[in-house]
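Grab a pencil and open the viewer. Below are a few exercises, each followed by a solution worked out one step at a time.

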Amino acid sequence: MKENNNKFYILQYNPEDAGLPPYIDKKYTPDLPCFDIFTSPPKEEYFIDRYKLRTSVKDMSGDYFLDDDIVSSDLMKMCQGLNVAFLSFPLDIVLNGRKKPSKNYNLFYLKKYISILDIEESSYEISRDLDSGKLNTPQEMGLDKVYYEKITNFVIKKDINEDLFFCTDIIKPVCSEKFKYLFQEKCFSGINFIPIDNRYSYDAWDED
């Protein structure tokens, strides 16, 4: 494969079969720590070494349960061979009827939170605070990052080398073409890949 080092994709959960249910009810033992995954990665010291999950779903056989921060051990091993910074913790899953899944799983959290938007080349609109009318930026509102209302022309910076990370511009996990290629080559399941190209646009009020 000839890699395009500046081609990236948004990850979207794809509940395509019985082994990838659209919703998983979860009872963790012990309870997971509280944190906001959309603003910053959790700290390792929040967690213990291993967790147990009970659920009423009958089958879990996918590889990336994106909305639940769960990956198969095989996918985690793939990430270890790529430029992916993450936290992981073994997860013992008990399905409906006290059955075990056919695969081993881990809790999985991305550690790299970065902006990839080339602000000089892109077209975008920064959101404003409803009360003050100020831009939602570190400079005007003292925020942790810039919050975008819309991005109509998303041009990616030239120096992005990570293979899987959390994109702070659109508040979603994003991967490289290399990650996508290997994911599909190994026949992993659970993810749709949405290209960030000249057809892509971001609207903060029209996101899944």
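A crossing of two helices is called left-handed if the near helix is turned anticlockwise from the far one by less than a right angle, and right-handed if clockwise. Keep that in mind for the second exercise, and remember that the model is a predicted one.

**Exercise 1. Take stock of the chain: count its helices and strands, and work out how its radius of gyration sits against the globule rule.**

Step 1. Start with the count: the chain holds three helices and 14 strands.

Step 2. Now the radius of gyration, which is 18 Å, close to the 17 Å that the globule rule gives for 208 residues, so the chain is as compact as a globular protein of that length.

Step 3. For the extents, the C-alpha trace spans about 55 × 45 × 30 Å along its principal axes.

Step 4. Finish with burial and contacts. Of the 208 residues, 44% are buried. Take the contacts between residues at least 6 apart in sequence, and 72% of them join residues at least 24 apart.

**Exercise 2. Describe how helix 1 packs against helix 3, including the hand of the crossing.**

Step 1. Two packed helices are described by the angle between their axes and the distance between the axes.

Step 2. Here helix 1 (residues 73–80) and helix 3 (residues 177–185) make an angle of about 145°, and their axes are 11 Å apart.

Step 3. Apply the definition from the top: helix 1 passes helix 3 in a right-handed crossing.

Step 4. Look at who touches whom. Helix 1 brings L75, M78 and C79, and these meet F179, L182 and F183 of helix 3. Sorted by type, the contact has six nonpolar residues, no polar ones and no charged ones.

**Exercise 3. Find which residues of helix 3 are buried, and say what covers them.**

Step 1. With buried meaning under 20% relative accessible area, helix 3 gives you E177, F179, K180, L182 and F183.

Step 2. Their cover includes helix 1 along with strand 1, strand 4 (64–65), strand 11 (164–167), strand 12 and strand 13.

Step 3. Just past the end, helix 3 is followed by C187, which has a positive phi, near 60°.

**Exercise 4. Place strand 1 among its neighbours.**

Step 1. Strand 1 (residues 8–13) is mostly covered, with five of its six residues buried.

Step 2. With strand 12 (residues 172–176), strand 1 pairs in the antiparallel sense over three bridges. F8 stands opposite S176 there.

Step 3. With strand 13 (residues 191–195), the pairing of strand 1 is again antiparallel, over five bridges. Y9 has P195 in strand 13 as its bridge partner.

**Exercise 5. Trace the open sheet of six strands and put helix 1 on it.**

Step 1. Read off the order: 2-3-6-7-5-4, with mixed pairing. Strand 2 (27–29) and strand 4 are the edges, each pairing on one side only.

Step 2. Zoom in on strand 5 (residues 70–72) and strand 7 (residues 105–110), which run antiparallel and are joined by three bridges. V71 sits opposite N106 of strand 7.

Step 3. Add the helix: helix 1 packs on the sheet and touches strand 4, strand 5, strand 6 (86–94) and strand 7. The direction of helix 1 makes about 90° with that of strand 5.

**Exercise 6. Locate G133 and classify its exposure.**

Step 1. G133 lies in the loop between strand 9 (123–126) and helix 2 (138–141).

Step 2. Its relative accessibility is 30%, so G133 counts as partly exposed.

Definitions and conventions:
Residues numbered from 1 in each chain as written. Predicted model: local features only at pLDDT ≥ 70, side-chain atom pairs only at ≥ 80, totals over all residues. Heavy atoms only, no water. Axes fitted to C-alpha atoms, helices over the stretch in contact; angles between N-to-C directions. Helix = DSSP H or I, 4+ residues; strand = E, 2+ residues; numbered from the N terminus. Contact = heavy atoms within 4.5 Å. Nonpolar A, V, L, I, M, F, W, Y, C, P; charged D, E, K, R; others polar. Buried < 20%, exposed > 50% of the residue type's maximum accessible area, 1.4 Å probe, protein only. Pairing = 2+ DSSP bridges. Rg over C-alpha atoms; globule rule 2.2 N^0.38 Å.
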